Amino acid sequence: MDGSWTRFDPRTIGRRFDLPMFFFHGAEDDIAPASQVENYAQWIEAPRKLHVPIAGAGHNIDIRDRRAIDLLVRYVAPLTRS
């Protein structure tokens, strides 16, 4: 696979974020390797951040995957309530 997106370095958008950053990531992703995602998640500064690799999942984890839904419900949904 080739294209400008394959050369994208997320560090170019900065290190500091004013919102929570969650990375629910396929551990078997061959497009954005889990080690790179984990390193980026550790590098950024955010009020809250979390990296959770999902075993057996690839780049396009199915949003219907119960594991993905459970992570969204557990970590993201509570932040939407006032």
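## Close-up views of a predicted model

**View 1. Contacts around Val-37.** Leaving aside residues up to four places away in sequence, Val-37 touches Phe-23, His-25, Ala-32 and His-51. Keep in mind throughout that the model shown here is predicted.

**View 2. The largest nonpolar core brings together seven residues.** Val-37 from the previous view belongs to this core, along with Phe-17, Met-21, Phe-23, Tyr-40, Ala-41 and Ile-44. Two elements, strand E1 (21-26) and helix H1 (34-43), each give two or more residues to this core. The biggest share is that of H1, with three residues. Apart from this core lies another one, of five residues, and among them are Val-52, Ala-57, Leu-71 and Tyr-75.

**View 3. Helix H2 has a buried side and a face turned away from it.** Which residues of helix H2 (residues 66-76) are buried? They are Ala-68, Leu-71 and Tyr-75. These three lie on the same side of H2, because they cover an arc of only 60 degrees around the axis. As a reminder of the geometry, an α-helix has 3.6 residues a turn, so residues three or four places apart point the same way. The cover over the buried residues of H2 includes E1 and strand E2 (49-54). On the face turned away from the buried side, you will find the exposed residues Arg-66 and Arg-74.

**View 4. A salt bridge along helix H2 joins Asp-70 and Arg-66.** Their side chains meet at 2.9 Å, N to O. The two residues are four apart in helix H2, so about one helical turn separates them. Asp-70 is partly exposed, with a relative accessible area of 38%. Arg-66 is exposed, because its relative accessible area of 51% is over the 50% cut-off.

**View 5. Salt bridges that share partners join Arg-15, Arg-16 and Glu-45 into one network.** Glu-45 meets Arg-15 in a salt bridge of 3.7 Å, N to O. That pair links distant parts of the chain, with Glu-45 in the loop between H1 and E2 and Arg-15 in the segment before E1, 30 residues apart. The side chain of Glu-45 also meets that of Arg-16, here at 2.8 Å, N to O. Arg-16 lies in the segment before E1, so its pairing with Glu-45 ties together parts that are 29 residues apart in sequence. How accessible are the partners? Glu-45 is partly exposed, at 35% relative accessibility. Arg-15 is partly exposed too, at 38%, whereas Arg-16 is exposed, with a relative accessible area of 63%. For the structure, the count of salt bridges comes to four.

**View 6. Ring pairs link Phe-22, Phe-24 and Tyr-75 into a cluster.** How many aromatic pairs does the structure hold? There are four. One of them, between Phe-24 and Tyr-75, is tilted, with 6.4 Å centre to centre and 35 degrees between the planes. This pair links strand E1, where Phe-24 lies, to helix H2, which holds Tyr-75, and the two residues are 51 apart. Tyr-75 is buried, because its relative accessible area of 16% is under the 20% cut-off. You have met Tyr-75 before, among the residues of the five-residue core.

**View 7. A charge sits over a ring at Trp-43.** To round off the tour, the charged end of Arg-11 sits over the ring of Trp-43, at 5.0 Å from the ring centre.

Technical notes
Residues are numbered from 1 along each chain as its sequence is written. This is a predicted model: local features need pLDDT of at least 70, side-chain atom pairs count only at pLDDT 80 or more; totals for chains, interfaces and linings use all residues. Side-chain values use heavy atoms; hydrogens and water are left out. A nonpolar core is a set of buried Ala, Val, Leu, Ile, Met, Phe, Trp, Tyr and Cys residues joined through side-chain atoms within 4.5 Å. Buried means under 20% relative accessible area, exposed over 50%, partly exposed in between (1.4 Å probe, protein chains only). Contact means heavy atoms within 4.5 Å. The arc is that of the directions from the helix axis to the C-beta atoms. Rings of Phe, Tyr and Trp (its six-membered ring) pair if their centres lie within 6.5 Å; planes under 30 degrees apart count as stacked, over 60 as edge-to-face and the rest as tilted. A charge sits over a ring if NZ of Lys or CZ of Arg is within 6 Å of the ring centre and within 35 degrees of the ring normal.
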